[in-house]
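Student: Could you take me through one part of this structure up close? I'd like to see how a single helix sits among its neighbours, and what the residues around there are doing.

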Amino acid sequence: MMLPAVEMYERMIRQRRAAVLKILDGLNADALNWQLLSNETNSLYVLAVHLLGAERGWIHERVGGRKIERDRAAEFRSKGEDVAALRAQYASVERETKEILERLTESEMDVLRDDGKKDKFTYRYCILHIIDHYAEHVGQMALTRQLWENRTERPNEI
């Protein structure tokens, strides 16, 4: 049984993942890979892939103790053809995150740890960081989608 606070955190992460997929819903490759300011901004696809990488790094590796291969720089070069592959990746990450979070005990949540890569952290910090990270990028993604949808109506204003 998941700890009550962790259950709430897991629900918040799940809601943010759902928000990402809702923003991407119905978009084609042009929309997924569109960048407002050429190489100075991130596409919707890039942000969606980056969020998966971040969750895997912070939750699966740091909290779950699993070795993951992550190329953060490659996340920001990602391009995609459709949302189907992302949906499958999001479902897989969701299952693994839930499995990791279900095993946490109260005594583990606030122990200060050091993985040699980042500053010291607690499991609670890692989970809250991902919630915050999703929230930041979901806002960017919502705005990017709005700009994509309105780019042809007022092309000189964007």
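Tutor: The chain has seven helices and zero strands, so, reading from the N terminus, the order is simply α-α-α-α-α-α-α. Keep in mind that this is a predicted model. Along the principal axes, the C-alpha atoms fill a box of roughly 55 × 30 × 25 Å. Of the 158 residues, 42% are buried. Here's another way to look at the fold: take the contacts between residues at least 6 apart in sequence, and 74% of them join residues at least 24 apart.

Let's pick helix α3, which covers residues 44-63, and go round its neighbours. Two packed helices are described by the angle between their axes and the distance between the axes. Those are the numbers to watch for.

Start with helix α5, residues 84-102. Its axis lies 10 Å from that of α3, and the two pack at an angle of about 20°. That angle makes α3 roughly parallel to α5, since anything under 35 degrees counts that way. The crossing itself is left-handed. Who does the touching? On the α3 side you'll find Y45, A48, V49, L51, L52, E55, R56, I59, H60 and V63, and on the α5 side L86, Q89, Y90, V93, E96, T97, I100 and L101. Sort those residues by class and you get twelve nonpolar, three polar and three charged.

Now turn to helix α1, residues 4-24. The axes of α1 and α3 come within 10 Å and cross at roughly 160°. These two helices are therefore roughly antiparallel, because the cut-off for that is an angle over 145 degrees. Like the previous one, this crossing has a handedness: it is left-handed. Here α1 brings I13, R17, V20, I23 and L24, while α3 brings L44, A48, L51 and E55. The class count for this contact is seven nonpolar, no polar and two charged residues.

Let's stop at one of those residues. R17 belongs to helix α1. Is this arginine buried or exposed? R17 counts as buried, because its relative accessibility is 2% and the limit for buried is under 20%. The side chain of R17 has a partner in α3: a polar contact of 2.6 Å joins the side chains of R17 and E55. Leaving out neighbours within four places in sequence, R17 is in contact with E55, Y90, V93, E94, T97 and Y134. You've met some of these names already: Y90, V93 and T97 are among the α5 residues that meet α3. E55 is also listed on the α3 side of that contact, and it appears again where α3 meets α1.

While we're on α1, have a look at V6, which is in that helix too. V6 counts as buried, with a relative accessibility of 0%. Not counting residues up to four places away in sequence, V6 touches L101, L104 and M109. One of these, L101, is an α5 residue in the contact with α3. For a sense of distance, V6 and R113 are 107 residues apart along the chain, and their C-alpha atoms are separated by 18 Å.

The next neighbour is helix α7, residues 123-150. Its axis comes within 10 Å of the α3 axis, and they cross at roughly 175°. That makes α3 roughly antiparallel to α7. By class, this contact has 15 nonpolar, six polar and three charged residues.

Finally, there's helix α4, which spans residues 72-75. E75 is in this helix, and it is buried, at 6% relative accessible area. Its side chain and that of H50 are joined by a polar contact of 2.9 Å. Setting aside residues up to four places away in sequence, E75 touches V46, V49, H50, G53 and R70. V49 also turned up on the α3 side of the contact with α5. A73 sits in α4 as well, but A73 counts as partly exposed, with 45% relative accessibility. Between A73 and H50 there are 9.2 Å from C-alpha to C-alpha, and the two are 23 residues apart in sequence.

So that's your tour: α3 runs roughly parallel to α5 and roughly antiparallel to α1 and α7. Along the way, R17 has its polar contact with E55, and E75 has one with H50.

Key: Residues are numbered from 1 along each chain as its sequence is written. This is a predicted model: local features need pLDDT of at least 70, side-chain atom pairs count only at pLDDT 80 or more; totals for chains, interfaces and linings use all residues. Side-chain values use heavy atoms; hydrogens and water are left out. Axes are lines fitted to C-alpha atoms, for helices over the stretch in contact, and angles run from 0 to 180 degrees between N-to-C directions. Helices (H or I, at least four residues) and strands (E, at least two) are DSSP runs, numbered from the N terminus. Angles under 35 degrees count as roughly parallel, over 145 as roughly antiparallel, 65 to 115 as roughly perpendicular and the rest as oblique. A crossing is left-handed if the near helix is turned anticlockwise from the far one by less than a right angle, and right-handed if clockwise. Contact means heavy atoms within 4.5 Å. Ala, Val, Leu, Ile, Met, Phe, Trp, Tyr, Cys and Pro count as nonpolar, Asp, Glu, Lys and Arg as charged, and the others, Gly among them, as polar. Buried means under 20% relative accessible area, exposed over 50%, partly exposed in between (1.4 Å probe, protein chains only). A polar contact is a pair of N or O atoms within 3.5 Å; within protein, one must be able to donate a hydrogen and the other to accept it, and residues adjacent in sequence count only if both atoms are side-chain atoms.
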